[in-house]
Amino acid sequence: MIDRPGVDEPLLAAEVAAAWALSVADLVFLPVGLDGNAWAYRVDTTGGARYFLKLRRGEFTGAAVALPGFLRARGLRQVVAPIDLPDGGAVHGFEGYRLLLYPFHEGGSLWARGLTDRQWIGYGEFLGRLHQVTPSAELAAVLPVETYRSTAGDRLRTLGDQAAASDALGAFWKRYGTALHRLADTVDELASGVTRARHVIAHADIHPGNLIADGDGPLHVVDWDAPMLAPRERDLMFVYSRDFGDHPADARRAELFRRGYGPVEPDQRLLSFYRGERHLDDAAEFLRSILRPGASPESRANDLHWLTRIAEAVADPASGRLRSPRPGCLRGAC
């Protein structure tokens, strides 16, 4: 989120210092992500160490807290997991919010820079290993399970009526509303005909914005807020679509990915369903964010930029992939 949460930041810094036994020198707001109920900060300590703080209004899911540590314990060291509190557990409460603290990895996301050849192979290796992990009974009980249904279409149709009548979105909706309604119908149709596939642990948001690396260094996988049990296409959609990142997979990069992942022939209908549903869900979220009372002009401008890029891709699929004017402003890119 571009807009800051309504918290006393010096008090928040003191709370983090006390909860995790840190000597906090600075708390730096990071305008990243789309989730309207979550915010991010960089925590700098007097000793020079850095951490990534996630602040959420409402609860973190059990899977978001437990799965990253579970995966790291099984050798997936690319996973960035929450840091435990000294007294146990990982989640700390603060004035109606919930906090998680993570290691901070330098280098930034790969959305704008793209992956090197070695990183494309590493991307495939990581997803291949992730999709082979069997969850424990405890994790399986808290991981959401794919239902092949989406609320995004209904949310978009409801918000579309508000958009058409608003000053901020009236012109946009007049131009693109029909195409977005058509996408909602297409997603419903695809969902009704998908073939149920074997479920794996899916990150569910593993686009290049959630891959962190320093230069050609190893990948760090962040933003485990919404993992689920789903077909592997739920993750492969980000690889086999040109809509995610400024340097998406072409034939050579796809071959590098397969070198790491192994032989793969994704179900094309599932890929189309997930790609369409993601665009639909993002469009609904951007509409909601633009229409929410109190949003700053800067936040509305950023959201409208991305909403328009999605609408252009939907209205004219040949127009090209979504491109980022500045890294870190797309959903989950933290």
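**A walk through three helix pairs**

According to its unreviewed UniProt entry, residues 40–266 carry the annotation "domain: Aminoglycoside phosphotransferase". Within the model, which is predicted, the C-alpha atoms at the two ends of residues 40–266 are 34 Å apart. Helix accounts for 37% of that span and strand for 15%.

Before we look at the packing, a word on confidence. The average pLDDT of the protein is 91, and 94% of the residues reach at least 70. Please be careful with residues 319–334, though: pLDDT is under 50 there, even as the model gives this stretch 69 contacts beyond four places in sequence.

Now to the helices. Two packed helices are described by the angle between their axes and the distance between the axes. Let us start with helix H6 (residues 170–193) and helix H9 (residues 268–291), whose axes come within 9 Å and cross at roughly 140°. H6 and H9 are therefore oblique to each other, and H6 passes H9 in a left-handed crossing. If you trace the contact on the H6 side, you will meet Trp-173, Leu-180, Leu-183, Ala-184, Val-187, Glu-189, Leu-190, Ala-191 and Gly-193. Facing them from H9 are Arg-269, Ser-272, Phe-273, Gly-276, Glu-277, His-279, Leu-280, Ala-283 and Leu-287. Sorted by class, the contact of H6 with H9 holds 11 nonpolar, 4 polar and 3 charged residues.

Stay with H9 for the next pair. Helix H5 (residues 152–164) packs against H9 at an angle of about 35°, and the two axes are 9 Å apart. Here, too, the crossing is left-handed. H5 contributes Ala-152, Gly-153, Arg-155, Leu-156, Leu-159, Gln-162 and Ala-163, while H9 offers Glu-277, Leu-280, Asp-281, Ala-283, Ala-284, Glu-285, Leu-287, Arg-288 and Leu-291. In the contact of H5 with H9 there are 9 nonpolar, 2 polar and 5 charged residues. Glu-277, Leu-280, Ala-283 and Leu-287 of H9 take part in the contact with H6 as well as in the contact with H5.

The last stop is another pair, helix H3 (residues 117–130) and helix H8 (residues 251–261). Their axes come within 6 Å and cross at roughly 45°, so H3 and H8 are oblique to each other. This crossing is right-handed. From H3 the contact draws on Asp-117, Trp-120, Ile-121, Tyr-123, Gly-124, Glu-125, Leu-127 and Gly-128. H8 supplies Arg-252, Arg-253, Leu-256, Phe-257, Arg-259, Gly-260 and Tyr-261. By class, the contact of H3 with H8 has 7 nonpolar, 3 polar and 5 charged residues.

Key: Residues numbered from 1 in each chain as written. Predicted model: local features only at pLDDT ≥ 70, side-chain atom pairs only at ≥ 80, totals over all residues. Heavy atoms only, no water. UniProt positions renumbered as here; feature names shortened; annotations may be inferred. Helix = DSSP H or I, 4+ residues; strand = E, 2+ residues; numbered from the N terminus. pLDDT = per-residue confidence, 0-100. Contact = heavy atoms within 4.5 Å. Axes fitted to C-alpha atoms, helices over the stretch in contact; angles between N-to-C directions. Parallel < 35°, antiparallel > 145°, perpendicular 65-115°, else oblique. Left-handed = near helix turned anticlockwise from the far one by under 90°. Nonpolar A, V, L, I, M, F, W, Y, C, P; charged D, E, K, R; others polar.
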